[in-house]
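Trainee: Could you walk me through one part of this structure in close detail? I would like to follow the packing from residue to residue.

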Amino acid sequence: MDIEQEIDNYLEEIPYTKSDYENMSDEEIEEVYTKYFGSNEFLQLEKEHETLYNEIDGDHTTIIPRIAPILIPIAAAAARVAF
């Protein structure tokens, strides 16, 4: 299985929708973010992705575009906390 498919599989296992995020408190969003995007499993997948694409093409060093739809509501909530 290629790294992008592994990342897709990991993201599909996250049991939250955009609507769920919109109804969460800031603390809940932070917990979800830490649990799924700060986990050793996700960080290892990110590292493998970065390593693979650095070898192929130095321009592809992040998987942010793949997780952007999930992070949008999280970022919006984080911005509310910051202000």
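Mentor: Happy to; we will look at the nonpolar core and the aromatic residues around it.

Please keep in mind that this is a predicted model. The mean pLDDT of the protein chain is 75, with 65% of its residues at 70 or more. Confidence is highest in helix 3, at 89, and lowest in helix 5 (residues 64–82), where the mean is 54. Where pLDDT is low, the predicted coordinates should not be read in detail. With that said, let us turn to the core.

The largest nonpolar core holds 14 residues, and those with the most contacts inside it are Y10, L11, I14, Y21, Y36 and F37. Helix 1 (3–12), helix 3 (26–37) and helix 4 (40–56) are the elements that give two or more residues to this core.

Let us begin with helix 1. Its residues I3, I7, Y10 and L11 are buried. They sit on the same side of helix 1, because they cover an arc of only 95° around the axis. The spacing will look familiar: an α-helix has 3.6 residues a turn, so residues three or four places apart point the same way.

Y10 is a good residue to follow outward. Apart from its neighbours within four places in sequence, Y10 is in contact with K35, Y36, S39, E41, F42 and L45.

One of those partners, S39, deserves a stop. S39 is in the loop between helix 3 and helix 4. Is S39 buried or exposed? With a relative accessible area of 17%, S39 is buried, since the cut-off for that label is under 20%. Beyond its neighbours within four places in sequence, S39 is in contact with Y10 and T34. A polar atom of the S39 side chain also lies 3.1 Å from the backbone nitrogen of F42. F42 itself is on the contact list of Y10, which brings us to the rings.

A search of the whole structure finds 5 aromatic pairs. One of them is formed by Y16 and Y36, and is edge-to-face, at 6.2 Å centre to centre with 75° between the planes. Y16 lies in the loop between helix 1 and helix 2 (18–22) and Y36 in helix 3, so this pair ties together parts that are 20 residues apart in sequence. As for accessibility, Y16 is partly exposed at 32%, whereas Y36 is buried at 13%.

Another pair, Y33 with F37, is tilted: the centres are 5.4 Å apart and the planes are at 40°. Both residues lie in helix 3, 4 residues apart, about one turn of the helix. Here too the two partners carry their own labels: Y33 is partly exposed, with a relative accessibility of 38%, and F37 is buried, with 6%. Ring pairs link Y33 and F37 with Y10 and F42 into a cluster.

Finally, a look at how helix 4 sits relative to the start of the chain. E48 lies in helix 4 and is partly exposed, with a relative accessible area of 34%. Its C-alpha atom is 9.7 Å from that of E4, although E48 and E4 are 44 residues apart along the chain.

To tie it up, Y10 is a handy starting point when you open the model yourself: Y10 is among the residues with the most contacts inside the core, touches S39 in the loop, and belongs to the ring cluster with Y33, F37 and F42.

Definitions and conventions. Residues numbered from 1 in each chain as written. Predicted model: local features only at pLDDT ≥ 70, side-chain atom pairs only at ≥ 80, totals over all residues. Heavy atoms only, no water. Core = buried A, V, L, I, M, F, W, Y, C linked by side-chain atoms within 4.5 Å. Buried < 20%, exposed > 50% of the residue type's maximum accessible area, 1.4 Å probe, protein only. Contact = heavy atoms within 4.5 Å. pLDDT = per-residue confidence, 0-100. Arc of directions from axis to C-beta. Polar contact = N/O pair within 3.5 Å; in protein donor to acceptor, adjacent residues only side chain to side chain. Phe/Tyr/Trp six-rings, centres within 6.5 Å; stacked < 30°, edge-to-face > 60°.
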